[in-house]
There are 2 protein chains.
Amino acid sequence: MPSIRDVARLAGVSHQTVSRVLNDHPSIRPETKAKVLDAISVLDYRPNLAARALVTSKSNILGVLSATIGEFGPTSSIAGIEDAAREEGYSVSTLNLGATTPEAIGNAVRQLAREQVDGIVVLAPQVRVFHVLRGMTVEMPFVSLQTASGSDGVTLSADQVAGARAATEHLISLGHSDILHLAGPQDWIEAESRMRGYLDGLREADLPTFPPIRGDWTADFGYFAGQELSRRRDFTAVFAANDLMAIGLMHGFRDAGVRVPHDVSVIGFDDIPVAAHVAPTLSTVHQDFPELGRRAVRILLAQIRGEAVPEFGPLQTLLRTRESTASR
Amino acid sequence: MPSIRDVARLAGVSHQTVSRVLNDHPSIRPETKAKVLDAISVLDYRPNLAARALVTSKSNILGVLSATIGEFGPTSSIAGIEDAAREEGYSVSTLNLGATTPEAIGNAVRQLAREQVDGIVVLAPQVRVFHVLRGMTVEMPFVSLQTASGSDGVTLSADQVAGARAATEHLISLGHSDILHLAGPQDWIEAESRMRGYLDGLREADLPTFPPIRGDWTADFGYFAGQELSRRRDFTAVFAANDLMAIGLMHGFRDAGVRVPHDVSVIGFDDIPVAAHVAPTLSTVHQDFPELGRRAVRILLAQIRGEAVPEFGPLQTLLRTRESTASR
DNA sequence: TTGTAGGCGTTATCAA
DNA sequence: TTGATAACGCCTACAA
């Protein structure tokens, strides 16, 4: 592997001059620069990133801390994060959190710190992860994809509340007045936002709210909930906090003889690729996961570079009505 | 940030001794080691990975080259890769391939090489990606998750062929004799393997084979195929190369008035989480994606370390029969 | 068993 | 506009 000195020798300049060319230093004579660039391409020289990281103590690596495996939303966002990061010349080091204990989180962050990542994008949407991060002694810029709105400056949110509210209002507009919510786990920021949207929508319409059923995002839980709920007859619609649970729910209903949408309307959240193809096709709320990831990177980089943090409008969600919701 | 010399000073030894402790050098007096470890924990010292990478020209980073976004299988495998890599003290740098042109692949590999990754796990299962990699001038150990079996030493395969064959045989055992295959894209290794399993199963049973329908893995394509196939009446079962297409296919059939499994049996591949919950529930072939990732890492690390490459038995797939397949 | 000297490839600082 | 010199934090080699 050629080094900067090999380039310098070939170009007949000092290695320092090569460095200047590499870093777009302003004061350098065009013809010198040309010579250097020539030598670079002849030798197929590539700067050694480790050496650069050592001396600048900047790695040009962004860490991604995730706590979700194989799920459509987060993984789509990660793709967005990577694209945006690469575009800006950063590489991406991902780390999967097994547990979300404070200890595990601390270790993960320390590990990323060891790798000298310049900042971290967090996709571990539990409230407590957020708290742990804020309390960390390791100083490190970070952005949480699911940051609760209103948290000191670092706000980034697909408007989950508005989306959930739109879903609820859709059900209301169809004539439903007894609407249940199959919520996500208690500790999850997104679960809270979607529940809030649900509650807001109902309150605004002066309709009764029900205590939410707490799920775990999985289709299996949805199935279980469907079986259980089939015994109740005090509702005509369910808003599930994500599509997976909604699909499981419909399955549970089906097995219990409850027809969707004839007896009960169901709406989900996320618009995963199968939502349009299950039977009945699932009404849901679409969101642009990759864009969320891209925005997170822009915000993080602004923080790292000390620039003004860009203000994005809330990322729009989009209601997709399909067969699973019908008028009462 | 404390350096190795700060630790040395506090422990009253030379920085070299600290380095020895760090690297588990054999000849070091226990009490000296204790002193050093003490100083390390007092200062909360963490080795600078960039410095280490610079001098050893090993980064302890594994690159992951992927060409799939948000899909369940690959992303699950990536999780396995990360876990295994972290366990072995490696971090993971992921890079998403936009296009799979030779040029894009070359750039991606060069980028990872710049980052000094010690090896690459490739999740870009197109045949041509594999070829490009083999022909690269950049010397770099790599493992492809979907390596075609029999390719020089670096073999790693969930037994797609056997799984696809099991799926086909399941249909045959139910009394079907006219079985179509909804295949993946031409260039994909997995698509070829699954198609081969299909062909093998049919030939073994002396049943007619049909030219496969070439899909693109998406549910939308499956839907389209379902619509088209509903015009044909020369088959009673379809083996789809993945669950997403199978689910879309069932949707297409449904919309065209073809009943599954009454008129046509359908079986998929992958066992994605919703497969057990769609209507009808989808028979499919389960495979352990995370384990695939873990194995890839073990093989790659063996290559990197110059150890004997572990020989794994083919990763078993598991037939899951559900409602979408019924006897003729 | 421990310490000293040198260098990995780059950028920063200062001088020319 | 350019060049010489000194770090950055660590490891390898050799010496003690």
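This section describes the protein surface near DNA strand C and the setting of A:Val264. The model is predicted: local features need pLDDT of at least 70, side-chain atom pairs count only at pLDDT 80 or more, and totals for chains, interfaces and linings use all residues. Residues are numbered from 1 along each chain as its sequence is written, chains are lettered from A and ligands numbered from 1 in the order in which they are written, and side-chain values use heavy atoms, without hydrogens and water.

DNA strand C has 28 residues around it, each with a heavy atom within 4 Å of the strand. A:Ile4, A:Gln16, A:Tyr45, B:Arg20 and B:Thr32 come nearest. The surface comprises 10 nonpolar, 12 polar and 6 charged residues. Here Ala, Val, Leu, Ile, Met, Phe, Trp, Tyr, Cys and Pro count as nonpolar, Asp, Glu, Lys and Arg as charged, and the others, Gly among them, as polar. Of the strand atoms within 4 Å of the protein, 55% belong to sugar or phosphate; the rest belong to bases.

Phosphate oxygens of DNA strand C lie 2.4 Å from a side-chain N or O atom of A:Tyr45 and 2.9 Å from a backbone N or O atom of B:Ser14. A polar backbone atom of B:Arg29 is also 2.9 Å from a phosphate oxygen. α4(A) gives the most to this surface, with 5 residues.

A:Val264 sits in the loop between α11 (243–255) and β8 (265–267) of chain A. A:Val264 is buried (under 20% relative accessible area, 1.4 Å probe, protein chains only), at 3%. Its contacts (heavy atoms within 4.5 Å) beyond four places in sequence include A:Phe235, A:Phe253 and A:Ser324. The C-alpha atoms of A:Val264 and A:Phe235 are 7.7 Å apart, across 29 residues of chain.

Note on methods. Helices (H or I, at least four residues) and strands (E, at least two) are DSSP runs, numbered from the N terminus. Buried means under 20% relative accessible area, exposed over 50%, partly exposed in between (1.4 Å probe, protein chains only). A polar contact is a pair of N or O atoms within 3.5 Å; within protein, one must be able to donate a hydrogen and the other to accept it, and residues adjacent in sequence count only if both atoms are side-chain atoms.
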